[in-house]
Amino acid sequence: MKNTINIGRQPETISPQDLAEAMKPGRAYSQDEVMGLLPGRPRACVRDTLHVMVARGMIWRNNSKRGAITFELLEGEALREAAESKTKRLEAPEWMRKNLVGYERSQNSFRDLCLLARK
């Protein structure tokens, strides 16, 4: 019996450029709508490319108040504004940037307890 290698069909991939060309800048799409932009292409491939583009910052992912997730291709000024607003949301308020104080007694008693348990 021969050792044969089954090459089979290679997995299909979708380039980010194809997906970016299919989307209109400034329009919000649900995930199903993005899948419908490339009919005949495997949904898993479209979804994977979509999430790669989100991770690279090429497509903006929005969570609406209704709980629906939308994807939007942003360009130029809109992309800069969206990135700035996300950065502002991620900054900690002033009161959270201060050092914690007043825990020395409880930390010391815990350390003492641990040292007693080691003996």
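This passage describes a predicted model of one protein chain, from its overall make-up to its sheet, its core and a few individual residues.

Residues are numbered from 1 along the chain as its sequence is written. Because the model is predicted, local features need pLDDT of at least 70 and side-chain atom pairs count only at pLDDT 80 or more, whereas totals for chains, interfaces and linings use all residues, and side-chain values use heavy atoms, with hydrogens and water left out. The mean pLDDT of the chain, where pLDDT is the predictor's confidence in each residue on a scale from 0 to 100, is 79, and 77% of the residues reach 70 or more. Among the elements of the chain, helix α4 (residues 76-90) has the lowest mean pLDDT, at 66, and helix α5 (residues 104-118) has the highest, at 91. Where pLDDT is low, the predicted coordinates should not be read in detail.

The chain holds five helices and three strands, which are DSSP runs numbered from the N terminus (helices are H or I with at least four residues, strands are E with at least two). Read from the N terminus on, the elements follow the order α-β-α-α-β-β-α-α. Of the 119 residues in the chain, 17% count as buried, a term that means under 20% relative accessible area, while exposed means over 50% and partly exposed lies in between (1.4 Å probe, protein chains only). The chain exposes about 10,000 Å², of which carbon and sulfur atoms supply 54%; accessible areas come from the Shrake-Rupley method with a 1.4 Å probe, and for residues only the protein chains shown count as cover. Among contacts (heavy atoms within 4.5 Å) with a separation of 6 or more, 48% are accounted for by residues 24 or more positions apart.

The three strands form an open sheet in the order β1-β3-β2, with antiparallel pairing. Strands β1 (28-30) and β2 (59-63) stand at the edges and have a single partner strand each, so one side of each is left without a neighbour in the sheet. From one strand to the next, the twist averages 35°; axes are lines fitted to C-alpha atoms, for helices over the stretch in contact, and angles run from 0 to 180 degrees between N-to-C directions. Two strands are taken to pair if DSSP finds at least two bridges between them. Three bridges join β1 to the antiparallel strand β3 (residues 69-73), with Ser30 opposite Thr70 and Ala28 opposite Glu72 as its bridge partner. Helix α3 packs on the sheet, where it touches β2 and β3, and its direction makes about 95° with that of β2. Strands β2 and β3 also pair in the antiparallel sense, over five bridges, and here Trp60 stands opposite Glu72.

Strand β3 is mostly covered, with four of its five residues buried. Within this strand, Thr70 is buried, with a relative accessible area of 17%, and, leaving aside neighbours within four places in sequence, Thr70 is in contact with Ala28, Tyr29, Trp60, Arg61 and Asn62. Ile69, which also lies in β3, is partly exposed, with a relative accessible area of 33%. Although Ile69 and Tyr29 are 40 residues apart in sequence, their C-alpha atoms are 8.5 Å apart in space, and Tyr29 is one of the residues that Ile69 contacts.

The largest nonpolar core contains 14 residues, of which Leu19, Met23, Val34, Val46, Leu50 and Ile59 touch the most other members. Such a core is a set of buried Ala, Val, Leu, Ile, Met, Phe, Trp, Tyr and Cys residues joined through side-chain atoms within 4.5 Å. Helices α2 (31-37) and α3, together with strand β3, are the elements that give two or more residues to this core, and α3 gives the most, with four residues. Beyond neighbours within four places in sequence, Ile59 is in contact with Leu19, Met23, Leu50, Met53, Val54, Phe71, Glu72 and Leu73.

Helix α3 (residues 43-56) also holds Thr49, which is buried, with a relative accessible area of 8%. Not counting residues up to four places away in sequence, Thr49 touches Ile14, Ser15, Pro16 and Leu19. Ser15 is placed in the segment before α1 (16-22) and, at 29% relative accessibility, counts as partly exposed. Ser15 and Cys45 are 30 residues apart in sequence, and the distance from C-alpha to C-alpha is 9.5 Å.
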